[in-house]
Amino acid sequence: MKTIGILTSGGDAPGMNAAIRAVVRAGIYYGLKVKGIMRGYAGLVEDEVIDLNLSSVGDILQKGGTILRTARCEEFKKKEVRKKAYETLQKHGIEGLVVIGGDGSFRGAQLLSEEWNVNTIGIPGTIDNDIPCTDYTIGFDTACNTVIDAINKIRDTATSHERANIIEVMGRNAGYIALYAGLAGGAEMIILPEVEWSIDELCDKITYGIKRGKLHHIIVLAEGVMSAPELAKMIKERLPKLDLRYTILGHIQRGGAPTVMDRVLASQMGARAVELLLENKTKRIISIRNNQIVDDDIDEALSMKKEFNRKLYELSKILSI
Ligand code: F6P
């Protein structure tokens with residue numbers, strides 16, 4: 001193998017740049033040429049390919065976002081569109097492709113492998129941490145740190161006004177950001193898709209908290225359950241006198257300098273992706289499990305079940321009485 005390509009796809013995540021840097025630097029270290037594909041699969045289809053050298057990835061380790069830009073490419077579900085992507089790879093002599101993204105991006109890589117025999121390696125990059133095969137995805141830790149920073153600030157003002165605050169966090173259909181940031185931020189309630197909850201229990205807890213002299217009530221809500229305005233309406237119907245505000249954190253959770261954990265994870269995964277390509281491996285996803293960098297076949301990886309950490313959730317309840 002002489003030339004490899006790299007692209008980022010789906011929602012961006014802090015640490016993607018660190019992974020790009022690792023792929024480029026490790027690739028060059030091992031004597032490969034590395035090409036960057038702009039805007040994910042869309043750029044592959046439209047032949048937006050650039051040469052990457054050592055200095056192309058200088059000064060990006062600490063930056064959020066992705067220098068290669070990203071896109072969600074629905075068109076890539078069509079075989080004729082994937083054929084164009086293959087032609088671009090052929091044109092640039094790209095024999096191995098590293099795809100940084102989420103499960104939709106890995107499905108694209110899998111099809112490129114199966115239909116066109118392209119060696120593909122997936123690296124999990126999403127703030128949602130919803131990739132079943134890996135304990136952590138690149139970007140998750142940074143997003144959680146952004147959320148707890150927001151919780152800390154909201155708590156200051158909530159305490160001063162003796163208010164309740166709902167903080168809606170991202171995660172798509174998964175509650176990992178809500179769980180980790182909620183526990184680390186000392187939320188009174190965490191509402192997430194993986195665990196049943198009731199509005200009566202939530203309101204009872206707020207009422208009990210007020211009686212015991214709590215000055216604030218932080219409710220972390222995963223977007224996969226409902227929106228913050230909807231939840232606020234439900235609470236106000238039951239507790240009309242409650243002084244309640246809500247904040248939707250939105251895309252600030254996707255930006256910012258990656259944390260140490262995300263940089264280290266991205267560096268390890270990026271370098272491992274290059275090694276796997278050099279070993280002529282294909283259709284693999286790299287993961288971290290039990291603190292080990294491992295890789296699995298894409299099919300197997302995506303059919304794995306990720307145990308929801310119910311113990312952490314129970315702990316958050318115990319600690320917020
Ligand atoms: O998958 C990452 C994510 O940020 C989700 O948490 C969120 O639901 C979604 O992407 C938002 O997508 P967009 O950036 O297209 O609004």
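Trainee: Which residues of helix H1 are buried?

Mentor: This is a predicted model, in which local features need pLDDT of at least 70 and side-chain atom pairs count only at pLDDT 80 or more, while totals for chains, interfaces and linings use all residues. Residues are numbered from 1 along each chain as its sequence is written, and side-chain values use heavy atoms, with hydrogens and water left out. H1 is mostly covered, since ten of its 14 residues are buried (under 20% relative accessible area, with exposed over 50% and partly exposed in between, for a 1.4 Å probe and protein chains only). The buried residues of H1, a helix being a DSSP run (H or I, at least four residues; strands are E, at least two; numbered from the N terminus), are Met 16, Asn 17, Ala 18, Ala 19, Ile 20, Ala 22, Val 23, Val 24, Ala 26 and Gly 27.

Trainee: Which helix is included in what covers the buried residues of H1?

Mentor: Through contact (heavy atoms within 4.5 Å), the cover includes strands E1 (3-8), E2 (33-37), E3 (49-52), E4 (96-101) and E5 (119-124). Beside these strands, the cover also includes a helix, H9 (260-278).

Trainee: Where is Leu 89 found, and which residues beyond its sequence neighbours is it in contact with?

Mentor: Leu 89 is found in helix H3, which runs over residues 79-91, and it is buried, with a relative accessible area of 1%. One partner, Val 118, is 29 residues away in sequence, yet the two C-alpha atoms are 8.6 Å apart in space. Leaving aside the neighbours within four places in sequence, Leu 89 is in contact with Leu 44, Ile 94, Leu 97, Leu 112 and Val 118.

Trainee: Are H5 and H6 parallel or oblique to each other?

Mentor: H5 (residues 140-161) and H6 (residues 176-184) have axes 9 Å apart that make an angle of about 50°, the axes being lines fitted to C-alpha atoms over the stretch in contact, with angles from 0 to 180 degrees between N-to-C directions. In this packing Phe 140, Ala 143, Cys 144, Val 147, Ile 148 and Ile 151 of H5 meet Tyr 176, Ile 177, Tyr 180, Ala 181 and Ala 184 of H6. Angles under 35 degrees count as roughly parallel, over 145 as roughly antiparallel, 65 to 115 as roughly perpendicular and the rest as oblique. The two helices are therefore oblique.

Trainee: How many disulfides does the structure hold, and why does Cys 144 form no such bond?

Mentor: A disulfide is a pair of cysteine sulfur atoms within 2.5 Å. Cys 144 is buried at 9% relative accessibility, but it forms no such bond because its sulfur is 18 Å from the closest cysteine sulfur, in Cys 133. A search of the whole structure gives a count of zero.

Trainee: What is the phi of Asn 280, and what is that of Arg 172?

Mentor: Most residues other than glycine have a negative phi, whereas both of these residues take a positive value. Asn 280 lies in the loop between H9 and strand E10 (284-289) and is exposed at 56% relative accessibility, while Arg 172 is found in the loop between strand E6 (164-169) and H6 and is partly exposed at 44%. Phi is near 65° for Asn 280, and for Arg 172 it is near 55°.
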